[in-house]
Amino acid sequence: MWLSEHERPVYFVELRDNRYACSWCELEGTHLLLVLSPNSPVPIRHLRYPQDAEIGGRVIGFAHRIAQLQPKAVATPVPDRDVL
């Protein structure tokens, strides 16, 4: 078992309906359980395995925006000047 939820591996799962999921996974017989964070309101998903899903691999990193990007400043054109 894992000491914390941060140690538990996350998997990239390809679903047969051309969608995907990233979550913790558990295999119970012929069912793959997609387990989300305990803080998530989304319930555990039960999928027939391997008919409804395929594990693409283990997620080893991800990027997450921690702040909304500010719009880029629009450059104001500077008129050409003669150089003496």
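Start by selecting Ile55, which lies in strand β5. The structure on screen is a predicted model. With a relative accessible area of 32%, Ile55 is partly exposed. Show its surroundings next. Leaving out residues up to four places away in sequence, Ile55 touches Tyr11, Phe12, Val13, Leu32 and Tyr49. Now add Cys22 to the selection. Ile55 and Cys22 are 33 residues apart along the chain, and their C-alpha atoms are separated by 9.7 Å.

**The whole chain**

Zoom out and colour by secondary structure. The protein chain has zero helices and five strands, and the pattern read along the sequence is β-β-β-β-β. The chain has 84 residues, of which 17% count as buried. Switch on the surface: the accessible surface comes to about 7,700 Å², and 56% of it belongs to carbon and sulfur atoms. Among contacts with a separation of 6 or more, 35% are between residues 24 or more positions apart.

**Strand β3 and its partners**

Select residues 31-35, which form strand β3. How many of its five residues are buried? Four of the five are, so the strand is mostly covered.

Add residues 19-28, strand β2. Five bridges join β2 to β3, and the two strands run antiparallel. To see one of the pairings, pick Cys25 and its bridge partner in β3, Leu34. Then move to the turn of this hairpin, where two residues sit between the strands. Gly29 takes a positive phi there, near 65°.

On to residues 45-48, strand β4. Which way do β3 and β4 run relative to each other? They run antiparallel, joined by four bridges. Pick Leu32 and look across to β4, where Leu47 stands opposite. Leu32 has already appeared on this tour as one of the residues that Ile55 touches.

**The charged pairs**

Show the side chains of the acidic and basic residues. Side chains of opposite charge can pair when their charged atoms come close. Across the whole structure there are four salt bridges; the stops below include three of them.

Select Glu54 and Arg16. These two form a salt bridge in which the closest N and O atoms are 3.4 Å apart. The pair links distant parts of the chain, 38 residues apart: Glu54 is in strand β5 (residues 53-59), and Arg16 is in the loop between β1 (10-15) and β2. Glu54 is partly exposed at 40% relative accessible area, and Arg16 is partly exposed at 45%.

Now select Arg19 and Asp17. Their side chains meet in a salt bridge, with 3.0 Å from N to O. Arg19 is partly exposed, at 45% relative accessibility; Asp17 is partly exposed too, at 43%.

The next stop is Asp52 with Arg48. Here the N to O distance in the salt bridge is 2.9 Å. Asp52 has a relative accessible area of 23% and counts as partly exposed, while Arg48 is partly exposed at 45%.

**The cysteines**

Select Cys22 and Cys25 and show their sulfur atoms. A disulfide is a covalent bond between the sulfur atoms of two cysteines. How many disulfides does the structure hold? It holds zero. Why is there no bond from Cys22 to the closest cysteine sulfur, in Cys25? The two sulfurs are 9.2 Å apart, which is too far for a bond, because a disulfide needs them within 2.5 Å. Seen from Cys25, the closest cysteine sulfur is that of Cys22. As for cover, Cys22 is partly exposed, with a relative accessible area of 45%, whereas Cys25 counts as buried at 15%.

**The aromatic pair**

For the last stop, show the aromatic rings. A pair of aromatic rings is described by the distance of the centres and the angle of the planes. The whole structure has one aromatic pair. Phe12 and Tyr20 form a stacked pair, because their ring centres are 5.4 Å apart and their planes stand at 25°, under the 30 degrees that stacking requires. Phe12 is partly exposed, with a relative accessible area of 30%, and Tyr20 counts as exposed at 58%. Phe12 also leads back to the first stop, since Phe12 is among the residues that Ile55 touches.

Conventions
Residues numbered from 1 in each chain as written. Predicted model: local features only at pLDDT ≥ 70, side-chain atom pairs only at ≥ 80, totals over all residues. Heavy atoms only, no water. Buried < 20%, exposed > 50% of the residue type's maximum accessible area, 1.4 Å probe, protein only. Pairing = 2+ DSSP bridges. Contact = heavy atoms within 4.5 Å. Areas by Shrake-Rupley, 256 points an atom, 1.4 Å probe, with all protein chains shown as cover. Phe/Tyr/Trp six-rings, centres within 6.5 Å; stacked < 30°, edge-to-face > 60°.
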